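Hello,

Here is the structure we spoke about handing over. My notes on it follow below.

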Amino acid sequence: MITIDHTGCVICVGCASVCPFGAVELVGTRMKTYSEKCTDCGLCIKACPANVITLHKGIKDVKDLPAEARKKL
Amino acid sequence: MAKNGYDYDAIIIGAGPAGSTIARLLAQNGKDVLVIDKRKDIGSPVRCGEGLGQREVVAMGLDLPKEVISTPIVGAKVVGPNGKEIVWRSKDTNGWVLERKMFDKWLAELAVHKGAEVRAYTRAVDLVKKDGKINGVRMEKYGSDAHDVTAPLVISAEGMEAHIARKAGFKTVHNLYDVDTCYQYEMQEYEHENLIELYFGNNVAPRGYVWIFPKKDKKANVGIGIGANLAKWKKNSGIMGADPKILLDDFIAKNPKLRDASTLVDFGGVISVGAPLDKFVDDNIMVIGTAAKQVDPIHGGGIALALEAGVMAAKVANEAIEKGDFSKQKLFEYEKVWRAGPGKKVEKRLLLRKVLENMSDDDFNHIFNTVTQQDLDLVMQGKFAGPVAKVLAGRPQLMGVLKALIS
């Protein structure tokens with residue numbers, strides 16, 4: 001799954017426009033991720049102009065994230 | 001009042017230039033239309049350089065009010081990898097840098113004024129179907145539950161993300177090769193001459209360029225766009241990718257006129273520079289503007305094309321509503337007109353983009369060294385032969401590149 005550092009996100013929806021799986025979407029005023037759809041492919045990270053996306057390979061559930069990443073959610 | 005028990009004659013998703021234009025034109029012909037936009041504030045956040053050519057505005061019959069224009073543009077300055085400049089100035093205004101936020105809001109207001117209903121901060125969740133046919137949109141106003149709104153025609157003007165069009169089977173996902181990743185600052189103070197400035201070079205902006213768009217009060221949009229498929233930078237999680245911000249900060253640090261300027265706004269964006277969708281319509285649905293990837297493949301600009309598509313689609317949608325015929329055959333009339341007109345131009349520009357991205361800094365330098373102000377004036381008048389012959393005399397291998405430019 002991926003996490004997005006919302007403080008630095010410029011809400012350009014670039015990640016959503018390149019994600020082949022619909023695993024990220026603009027909801028309200030911030031990007032929302034759907035970990036169940038994410039395949040850890042990293043395309044969103046390559047495209048992100050603000051470099052605010054982090055990949056957590058193999059992790060499917062928020063509760064399994066490292067504490068540091070959970071704080072930023 | 002919409003016909004045949006529907007809530008509206010058409011639901012338009014997205015209140016950008018395309019969506020608001022088609023809403024205005026349908027409403028002024030007495031059609032009952034709803035426009036929804038997921039953004040809290042229509043027009044914001046801005047994701048682009050905000051430039052718009054004058055020809056397009058005149059062609060659309062739009063009379064831009066003062067508050068949507070930041071500053072007029074009177075020409076262009078193009079700078080090569082070797083620092084050589086080519087400057088072209090015209091006597092008159094040939095475009096504007098907009099206050100995009102105000103521009104989008106103004107277009108939405110025009111639509112409302114003609115009778116369209118606009119709802120901001122309302123997200124399209126899914127398409128509603130009846131007997132397998134699109135029959136409306138499930139939408140959600142933030143803070144309340146999702147509900148279904150019916151209409152026989154859904155128009156996706158969703159922009160880059162286009163997730164509802166994707167659900168309807170359109171291939172709206174962008175591949176990395178066909179997008180540029182961009183970063184931009186609004187800066188002050190920058191002494192500009194009301195020229196669009198473009199800086200080329202593989203060290204400045206690989207497969208792209210740095211732009212400086214003048215704005216009022218010595219402000220400027222300083223931005224960069226580079227190929228998103230470039231993988232020269234180590235990004236988060238150790239993934240290699242394109243990082244426009246690093247290059248832009250570097251450009252600014254090396255530019256004595258910008259080095260000490262303030263940054264007022266940070267923008268980012270991913271823009272489409274690829275081919276339009278392979279289809280724009282299906283039964284009961286039309287896709288217009290950037291959602292249909294109707295974007296200039298050289299500079300990624302979408303405003304002018306969105307306005308144009310809005311006008312073309314409105315004509316067909318109007319007839320469809322009047323006849324009660326929402327089949328893809330009927331709606332295809334819009335696609336046909338688009339492909340025969342702006343589509344042809346976009347196709348050529350796509351070819352040119354692919355040629356340009358294969359040019360080396362050496363090739364660029366040769367052109368910048370050879371072309372003079374006089375040559376440029378000729379080119380602007382559409383007289384290519386002289387300047388092209390001059391460039392080719394020194395570098396015949398550029399033949400292929402220039403052929404694409406003038407064909």
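**Strand E1 and the core**

In chain B, strand E1 (residues 10–13) has B:Ala10 and B:Ile12 pointing one way and B:Ile11 and B:Ile13 the other way, and all are buried. Buried means that 20 or more other C-beta atoms, placed from the backbone, lie within 10 Å of a residue's own. Strands (E, at least two residues) and helices (H or I, at least four) are DSSP runs, numbered from the N terminus.

This is a predicted model: local features need pLDDT of at least 70, side-chain atom pairs count only at pLDDT 80 or more, and totals for chains, interfaces and linings use all residues. Residues are numbered from 1 along each chain as its sequence is written, and chains are lettered from A and ligands numbered from 1 in the order in which they are written.

E1(B) runs parallel to strand E12 (residues 153–156) of chain B, joined by four bridges; strands pair if DSSP finds at least two bridges between them. B:Ser156 in E12(B) stands opposite B:Ile13.

The largest nonpolar core (buried Ala, Val, Leu, Ile, Met, Phe, Trp, Tyr and Cys residues joined through C-beta atoms within 7 Å) has 130 residues, and B:Ile22, B:Ile155 and B:Ala317 have the most contacts inside it. Helix H6 (residues 303–323) of chain B gives the most to this core, 14 residues. The core lies between domain 1 (10–61 + 100–174 + 275–347) and domain 2 (71–98 + 175–272) of chain B, because both give residues to it; the domain bounds come from an automatic or database domain assignment.

B:Ile155 touches, among others, B:Ala10, B:Ile12, B:Ile13 and B:Ala317, not counting residues up to four places away in sequence; contact means C-beta atoms, placed from the backbone, within 7 Å.

Regards

How values were computed
A residue is buried if 20 or more other C-beta atoms lie within 10 Å of its own, exposed if 12 or fewer, and partly exposed in between; C-beta atoms are placed from the backbone. Two residues are in contact if their C-beta atoms, placed from the backbone, lie within 7 Å.
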